[in-house]
Amino acid sequence: MNQLCRHFGDCGGCRFQDVEYCQQLINKENLVKELIEKNNFALEIRKIHSYQKFFYRNKMEFSFSGAQGSVLCGLYSGSKDRRLVNLEECLLFSKDIGKILNVVRAFGNQKGFSVFNKYSHRGFLRNLIVRETKFTAQTMVAIVTTSEQDLNSSEFVEAILNLDLEKPVVSIFWIKNDSWSDAVVFEKKELIFGQPFIQEELDGLFFNIGVDSFFQVNPQGIKELYQTIRKEAALDKEKRVLDLFCGVGSIGIFLAKEAEHVFGVELHQPIVEAAIINAENNKVGNITFFAEDTRRFLNLKAQGYKNIDCIVLNPPRSGLSKKIIRAVLRLEPAVIFYSSCNPKSMMDDLSGLVGEYDLDFIEPFDFFPHTPHLECLVKMKRNRPKG
Ligand SMILES: C[S@@+](CC[C@H](N)C(=O)[O-])C[C@H]1O[C@@H](n2cnc3c(N)ncnc32)[C@H](O)[C@@H]1O
């Protein structure tokens with residue numbers, strides 16, 4: 001039997017901790033097989049990759065609840081009442097998290113801070129974001145409040161830095177968020193200690209992770225996923241790659257050293273700015289990023305980039321639109337890689353590509369142990385000459 005987190009069953013953070021991990025892997029492999037059979041796809045189904053089953057996540061976003069003098073901080077319950085579960089540990093994230101949560105709650109109580117109420121829109125404490133790098137052992141803490149009270153930044157920093165942690169805190173932010181939205185808005189962010197980012201290392205490459213950066217949650221997993229794409233792409237200095245939905249550029253940067261050029265497309269300008277810095281930090285000069293909607297890029301700009309040999313698709317959970325699929329087909333790349341954390345929407349999209357492409361393999365990566373989520377990589381090869 002798995003070791004169980006003391007909050008299991010109450011906290012909604014993970015659902016399957018009470019299922020033996022080897023059984024979880026079998027269930028996920030079976031899910032992939034069922035989806036492949038249902039869609040009548042013919043391809044090699046590779047063995048699922050598994051990683052550390054605990055302490056794999058590199059980011060958590062906790063909420064505050066309770067009242068003045070009895071501050072709670074944790075995640076919402078899995079039940080319908082959506083109660084906040086006051087966490088003492090989180091086995092998905094980090095060994096240090098209990099200490100960090102305890103000191104932040106104690107600080108809130110000692111200062112008599114109020115807690116934000118989303119209905120009255122009054123109160124001070126909203127969220128606690130903690131990120132850590134797994135290969136370089138750095139921690140970032142960000143406290144999110146309204147601007148109703150003063151945090152006493154220097155005392156907050158002192159309280160955090162006094163902790164004896166496995167992964168030292170190198171960055172602390174105070175984010176002021178007065179918006180009505182439940183989501184954290186990072187407009188007013190103040191660095192109150194240390195450096196503005198933590199830096200993860202993947203296979204000798206370094207990636208900056210800011211307080212509001214998107215970065216895949218399981219670094220061990222993404223390292224293996226990107227290595228697999230690099231090996232299977234077998235690029236050479238004449239090959240051009242288009243990395244669609246490129247985020248902070250990590251896949252493209254992994255591939256660039258073996259390619260003639262990589263083009264990365266990402267919707268959000270700040271994420272593209274982080275991608276450019278990542279390329280510079282890794283001395284990768286043969287990569288160009290576009291801050292653009294993928295569909296718009298494919299329709300308006302991709303014509304200028306006709307000779308694309310390899311396309312990497314890594315869209316959000318909802319997958320691709322029919323228009324994007326048609327635009328990808330018009331570029332006629334020899335090889336397409338599609339990586340997704342939603343195998344179901346991925347299968348729908350593959351149906352739109354299989355006419356002109358043969359499916360080569362699907363390879364599942366268990367990025368999210370104890371949850372229903374699964375990352376899968378598919379490789380496709382063009383089955384006819386360029387038209
Ligand atoms: C699943 S993430 C993949 C990120 C990246 N490939 C990686 O491995 O870290 C999807 C990315 O697509 C971006 N995105 C979402 N919709 C988009 C669109 N319409 N056009 C371009 N990028 C988009 C998101 O901002 C996010 O960074």
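A crossing of two helices is left-handed if the near helix is turned anticlockwise from the far one by less than a right angle, and right-handed if clockwise. By that rule α7 passes α8 in a left-handed crossing, whereas the crossing of α1 and α9 is right-handed. The structure is a predicted model. An open sheet of 7 strands and an open sheet of 8 strands are described below, together with a hairpin formed by β9 and β10, two helix pairs and the surroundings of the ligand.

**The sheet of 7 strands**

- The strand order in this open sheet is β4-β3-β2-β5-β6-β7-β8, and the pairing is mixed.
- Its edge strands are β4 (84-86) and β8 (188-194), each of which pairs on one side only.
- On average, and with direction ignored, neighbouring strands of this sheet are turned by 30 degrees against each other.
- Strand β3 (residues 70-76) runs antiparallel to β4 and is joined to it by 3 bridges; G74 stands opposite N86 in β4.
- Helix α2 (residues 97-111) packs on the sheet and touches β3, β5 (125-132) and β6 (139-145). The direction of α2 makes about 145 degrees with that of β3.
- Helix α3 (residues 153-161) also packs on the sheet, where it touches β6, β7 (169-176) and β8. The direction of α3 makes about 145 degrees with that of β7.

**The hairpin of β9 and β10**

- Strands β9 (residues 197-202) and β10 (residues 205-210) run antiparallel and are joined by 6 bridges.
- The bridge partner of I198 is I209 in β10.
- The two strands form a hairpin with 2 residues between them. In the turn, D203 has a positive phi of about 55 degrees.

**The sheet of 8 strands**

- This open sheet has the order β1-β16-β17-β15-β14-β11-β12-β13, again with mixed pairing.
- β1 (44-45) and β13 (287-291) each have a single partner strand, so one side of each is left without a neighbour in the sheet.
- Strand β11 (residues 240-244) is parallel to strand β14 (residues 310-313), and 4 bridges join them. D243 stands opposite V312 in β14.
- Helix α9 lies across β15 (335-340), β16 (357-365) and β17 (375-382). α9 runs at about 160 degrees to β15.

**Helix pair α1 and α9**

- The axes of α1 (residues 21-38) and α9 (residues 343-353) come within 11 Å and cross at roughly 25 degrees.
- Angles under 35 degrees count as roughly parallel, which makes α1 roughly parallel to α9.
- L31, V32 and L35 of α1 make the contact with P343, K344 and M347 of α9.
- By class, the residues of this contact are 5 nonpolar, no polar and 1 charged.

**Helix pair α7 and α8**

- The axes of α7 (residues 294-301) and α8 (residues 322-331) come within 9 Å, crossing at roughly 40 degrees.
- That angle makes α7 oblique to α8.
- From α7, T294, R295, L298 and N299 meet K323, I324, A327 and V328 in α8.
- The contact of α7 with α8 divides into 4 nonpolar, 2 polar and 2 charged residues.

**Surroundings of the ligand**

- There are 17 residues around the ligand, of which F245, G247, L267, T294 and N314 come nearest.
- Two elements, α5 (250-256) and β12 (261-266), give two or more residues to the shell.
- The shell is made up of 9 nonpolar, 6 polar and 2 charged residues.
- T294 is named both among the residues that come nearest to the ligand and in the contact of α7 with α8.

Note on methods: Residues numbered from 1 in each chain as written. Predicted model: local features only at pLDDT ≥ 70, side-chain atom pairs only at ≥ 80, totals over all residues. Pairing = 2+ DSSP bridges. Axes fitted to C-alpha atoms, helices over the stretch in contact; angles between N-to-C directions. Contact = placed C-beta atoms within 7 Å. Parallel < 35°, antiparallel > 145°, perpendicular 65-115°, else oblique. Nonpolar A, V, L, I, M, F, W, Y, C, P; charged D, E, K, R; others polar. Near = placed C-beta within 6 Å.
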